[in-house]
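I'm opening a fresh page for this one. Time to look things up, starting with the strands.

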Amino acid sequence: MLFKKKSTPIDVSHVPPALDADEAARLGYEHDLPLSKHAFYEGEHPMVRIEHLNKAFDDNVVLRDVNLNVWPGEIVVVLGPSGSGKSTMLRCINLLETPTAGHILVNDHEITDASKTDVNKLRQNLGMVFQNFNLFPHLTALENVMIGQTKVLKKGKAEAEAEARRQLEAVGLGDRVDYTPSQLSGGQQQRVAIARAVAMHPDVLLFDEPTSALDPELVRGVLDVMKDLAYNGGMTMIVVTHEMGFAREAADRVVFMEGGVVVEQGLPEEVFDHPQHQRTRDFLGHIK
């Protein structure tokens, strides 16, 4: 009989308090300036700040002392093998998972203080596109994009419909507004999900393996929509994906994770063409 080896427990007593916002911005600027294509300016503060993030499920430690900044308008693509913790990190950012220890701050507001965080309000500002679309099957594409606007943002029906039509047109589905999910291909459903997320005008858009559930011939259309957002949307995006072409072309910064830690991060061309760590080289060599 095989027994799963237990991870070393997290010592939460060694997790320091969150940094002062100005100090964190200064240190983050110095650290990240050579690692990203983002157009930094001195005094800028990160949109998302992760400090000493740890996450364990019982005795299985999935994230261990993760530190990462994401700047306004920056496109950060997170790569890594299955089980590396990248999706768990993403889910911690919008509190779909509760961190075991550490700090996540959005616009310098700590969201990991559960007693002071309005989770519903937080998720208005952190849009998320999942692997499996999560559309309402009984609603049309138009209604799926409208519902968050009317229920959460309290927009009027006419305003929500106009915004939904704009976003569906933007993802190439202006002629499919009256179709239900069952009448759409998987790629079209994912584009509806992206339109729904963008229609909420979040501060940050999170993508969790958005093409992993799609047949290969449907992937390109979704990636094209994401590239258009990256190039023209001005939106802060954190993308967990295995799509290396998208990472190379669209990312301002590539982050490689393995074993629950950030192993390496940097400019796409540096990470792909000149990886500094053997684990990164092994991963990239395996998938080429």
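First entry: I find six strands in an open sheet, ordered β6-β7-β8-β3-β9-β10, with mixed pairing. (Strands are DSSP runs of E, at least two residues, and helices runs of H or I, at least four, numbered from the N terminus; two strands pair if DSSP finds at least two bridges between them.) At the edges I see β6 (126-129) and β10 (261-266), each paired on one side only.

Ground rules: this is a predicted model, where local features need pLDDT of at least 70 and side-chain atom pairs 80 or more, while totals for chains, interfaces and linings use all residues. Residues count from 1 along each chain as its sequence is written, and side-chain values use heavy atoms, without hydrogens or water.

Next I checked β3 (75-79) and β8 (236-240): they run parallel, joined by four bridges. V76 has I238 as its bridge partner in β8.

Then the cores. (A nonpolar core is a set of buried Ala, Val, Leu, Ile, Met, Phe, Trp, Tyr and Cys residues joined through side-chain atoms within 4.5 Å; buried means under 20% relative accessible area with a 1.4 Å probe, protein chains only.) The largest has 49 residues, and L79, L168, I194, L205, F207 and M237 touch the most other members. A second, separate core of 27 residues includes V66, I93, L95 and I238.

Last entry: which helices and strand each supply at least two residues to the lining of the largest pocket? I noted α3 (119-125), β6, α4 (141-151) and α6 (186-199).

Methods:
Buried means under 20% relative accessible area, exposed over 50%, partly exposed in between (1.4 Å probe, protein chains only).
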